[in-house]
Amino acid sequence: MDYTALSIKEIHDLYLSGKVTPLQVVEQAIAKAQKDTNNALEKTTFAEALKQAKDLSNSPVEKDNLLWGIPYFIKDNISTKGVETTASSNILKGYIPLFNAEVITRLNNKKAISLGKTTLDELAMGGSGMSGHLGYTFNPYDETHKRRVGGSSAGSAAVVAAGIVPFALGSDTGDSVRKPASYAGLVGFKPTWGRISRFGLFPFTPSLDAIGYFTRSVFDAALLLEVLAGRDEKDFTSSLKEVNDYTKYRAGVGGVKIALIKGISDKITNKTLLEAYEKSLKELKNRGAIIEYVNIDQVLINAIFSTYFVLSCAESTSNNANLDGVKFGLRQAGETYLDVIKNTRTKGFSPLIKRRFIIGAYSLKQENQELLFKRAQKARRLIVDEVNKVLSKYDVIYLPAAPGIAPEFNQKADNLNIEHLVADNHLAIANLAGLPSITLPLCLDNDLPIGVNLTGRAFAEKQLFAIAAVVEEITGLKGLQVGSKK
Amino acid sequence: MKIDKNKLKELANDLLFDMSEQEYDTLLMEFGELVTQMKLLEQIPNVDEGEPLIYPFETTNSFLREDEPGVPLSKEEVLSNVADSYAGQVRLPKVVN
Amino acid sequence: MEYEAVIGLEIHIETKTKTKMFSSSPVDYSAAPNTLVTPTDLAHPGTLPRVNKRAVENAIRVCHALNMEIDETLYFDRKNYFYSDLPKGYQITQDKRPIGKKGYLDLNIDGQVTRIGITRLHMEEDTAKQLHILDYSLIDYNRAGIPLIEVVSEPDIRNGKEAAKFVELIREIVTFTDVSDGKMEEGSLRCDVNVSIRPKGREAFGTKVEVKNLNSISNVEKVIDIEIERQKQVLASGGQVIQETRRYDDEVKTTISMRVKNSAVDYKYYPEANLVPIHIGREFIDDVIKNCPELPTTKRMRYADQFKLSQFDIDILLASKDVSNYFDESVKHTTNYKLVANLINGEIATFLNKNNVQITSLITSPKNLARVADMINDGKISNKQARTILEHLFVEDQDPVQVAKKLNMVQISDENAILALVNVVLDENPSVIEDYKNGKDRAFGFLVGILMKKSQGKINPSIASTILKQEIEKR
């Protein structure tokens, strides 16, 4: 039986009924991982995983612990104690963290079993899955390896879409979980800012960053949030708000008010996507949802990407200033200490990253801050205010997660085309405003998945899951992965 | 916002890394795109009048950490990721002011 | 042309806490290198800052002592620059909203009071320590992240003496409030100076020169005055003062250029996104102030008003927090304040110095010292006898009354007894009486000396003198 293709809950039920052991499941996952050709993996920890699985198989199943014995992968920008963590950048070659990220500690406590780390766009700064130091990560839906799986959480999306594990951790700063989720037909979830501790997450843009994850069902996403959410004193930005019983959501949209942002949805041209989108709206209406188009000033919508881009480039230069080869990671020789640092950073960073850093440093320069960095922060406020205004009247914003299927590698992103800019980058709204957001598969176009995205009010994850579960039921794509029979 | 290659090289220097000539050319082009992007920000009416938003939502905490010692790393752990050390300290070529 | 100097000070203070400013790494200045370090101090990716409550309390104490407006919310910013002793590539500090602003410090120099404005006080973190040997630099991260307080004065200071006094008062404040050891020689108090000169009467500032590497208060005064002279010479010879950083070189006894500042460094300050603003509130601040040890200015006033001590005595007592604490304890048991002060500043100080002992290790309890003062005041013992008793108390803390009894030291103050002895001495020395009556004043002292000798020093000298005079008149 194909265990790793199942959801977390399904595997757990099999454990309970004694039909399978963690060792069998982990062995299967490892076998699949070893055969996988999508270039999704950084450091693997198969030996340790087998040992843990063996130990668990010799102990009684923990009945109310659904993560017990569940294999998973971790995006390589999340600290794992004793396991090399590189953020897919050469500058962190050989860096072995001395501590676990908070989310890893919690998953360890629940006896989930990590199989290792996955590839990402270098330092999480990218959305294509192409810029990691190990090269392109491929979209498992295209066996010819011509298509992106998106990014930056490329590897994590690939391993879940390929059915290797039921879930994988990622991070989302502009859309880095929710966009690849669309391209890979997965549930991709980003919580409210501060809901999950960022301790141990390599920072890209702290005021936008969130740890997120991929699953193949909405319930699994809710389950993970119950475990990962909550105040962590090691993260001063983590919320003190109490954690809800997210898995107890009551799937339903009766009386739920859904907002469609015209200025974004009317940029979509893909026919299959539009049809599926409209169909889902009809079905939601049938189930009692109140659906309305709302207007947000087009000028603000058009500015979403620029705002995100300036803020993230600027902050990333500061957040990566610790990468100098002095205390950890790659170090190159040099005559003077400045040479050491310079040679290290020159060799260790890819050209793309360097270009981003220069743009960022430029925006942070005292003389440019007003017109660049600060202006972006002010634009952020205006955009966020508008979005929150919408969410004060509606429960959720419902939009296609991407303009179409996963692009090919050689397709250039036309960022000067405003239509494309908007359709391709609107997910950043949830980062700018710190809102919980979930992508799930909506349809397939030529056998390639496209997702739809729901964004809700801050800390209203439980309701978000309740609505997403209905969408999941409407599409019939729960559990979608490569090789799924539809 | 006039930007030329020399300015870019200066910025790279400040950030302590180097790039190839082609990379600077690519970057110059990207800067052109940045300028176009920035125009979109400019178009927002009264964009400069409001307050910057630094965190996703206005939030304050009232929490401070108690001054109680935790467990430090051992010297070996500290040096475990260091490429070059001597007498228990991180070693670099001489830092002259 | 008459010039006046315009001087501003930037003082960094390492504050006493058990852990670092943003991490829970323990702090200990004597530890072996790299043994008091956590991943946060090494700027390992994914580590996050956590603000130390005691460090905030320390900052509030100093703000209070400097009469500053204290912000009820804490905001932190990043100061971005690269250097080998800066692990993160930025320092977390407070740029836009320092915890304290608009304060002042009054300098009292030779009776003249000058008020120096304090622009701001903020919290930040210290850098790692570097050791430069041979062709290498070695880095020890024990110090990286230790809490610092930075105090910036208005350019209200006019000469080296004022500057030295300012630093002295800051040192006094931070030691008395238990915020820091305040030792310039050890680096827990560091002082950078900005000096410029301008023609007297002009408002515009001259070119500012920063002087670093001042490692003692006396150097602060000396070096500033040297630098003022240097700048005056430069202008006198038709030159221009260059904006630069200089350091004091003790060998050549002058300031030497370190680096020229062609333009201000751009630190790209922006808010620290890993710390949301922390609202501490007025109640917290008031609580900290309430629990703050007595400020030196308050002590000064109290010693003058309540104990009526002289400035001279006060200055000596307040030179050390521990000494003043000892004094405070002692005067709880007596009203002979001046006597207690004298004993502390005299006998006790001599003993401590000679034996290299701190007053905190002094065996003599403040209570028993008070008793000694009382005994002197009541005429029960002479000063000389008090000294002897103290010698005993230095070794073993005991009731001085008992010691006096044991040593048979009780001072004779009984007038009848003294009268009897006086008459005996006068009977035995008629010629000396003659000498005194003939104008030889020294004869009186001679008679007092015999009295003291006959009574083994026990006789109360002032009573004896009075009675002696009386009786001589009668004869």
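Two residues count as in contact if their C-beta atoms, placed from the backbone, lie within 7 Å.

**Figure 1. Chain C as a whole, in a predicted model.** With that cut-off in hand, take the contacts in chain C between residues at least 6 apart in sequence: 69% of these join residues at least 24 apart. The chain holds 15 helices and 16 strands. Its radius of gyration is 30 Å, well over the 23 Å that the globule rule gives for 475 residues, so chain C is more spread out than a compact globule. Along the principal axes, its C-alpha atoms fill a box of roughly 95 × 55 × 50 Å. Buried residues account for 44% of the chain's 475 residues.

**Figure 2. Helix H15 of chain C and its two faces.** H15(C) runs over residues 461–474, and its 14 residues reach 20 Å from first C-alpha to last, close to the 20 Å expected. Look here for the buried residues Ala464(C), Ile467(C) and Leu468(C). Seen down the helix axis, they fall within an arc of 110 degrees, so they line one face of H15(C). They pack against helix H12 (415–428) and helix H14 (442–454) of chain C. Turned away from this buried side are the exposed residues Ser462(C), Gln470(C) and Glu473(C).

**Figure 3. Pro87(C) in its loop.** This proline sits between strand S4 (77–80) and strand S5 (90–93) of chain C. Pro87(C) is buried, with 29 other C-beta atoms within 10 Å. Leaving aside neighbours within four places in sequence, its contacts include Asn322(A) and Lys327(A), as well as Asp41(C), Leu42(C) and Tyr141(C). Pro87(C) and Tyr141(C) are 54 residues apart in sequence, yet 8.7 Å apart in space, C-alpha to C-alpha.

Key: Residues numbered from 1 in each chain as written. Chains lettered and ligands numbered in written order. Predicted model: local features only at pLDDT ≥ 70, side-chain atom pairs only at ≥ 80, totals over all residues. Helix = DSSP H or I, 4+ residues; strand = E, 2+ residues; numbered from the N terminus. Expected span 1.5 Å × (residues − 1). Buried ≥ 20, exposed ≤ 12 C-beta atoms within 10 Å, placed from the backbone. Arc of directions from axis to C-beta. Rg over C-alpha atoms; globule rule 2.2 N^0.38 Å.
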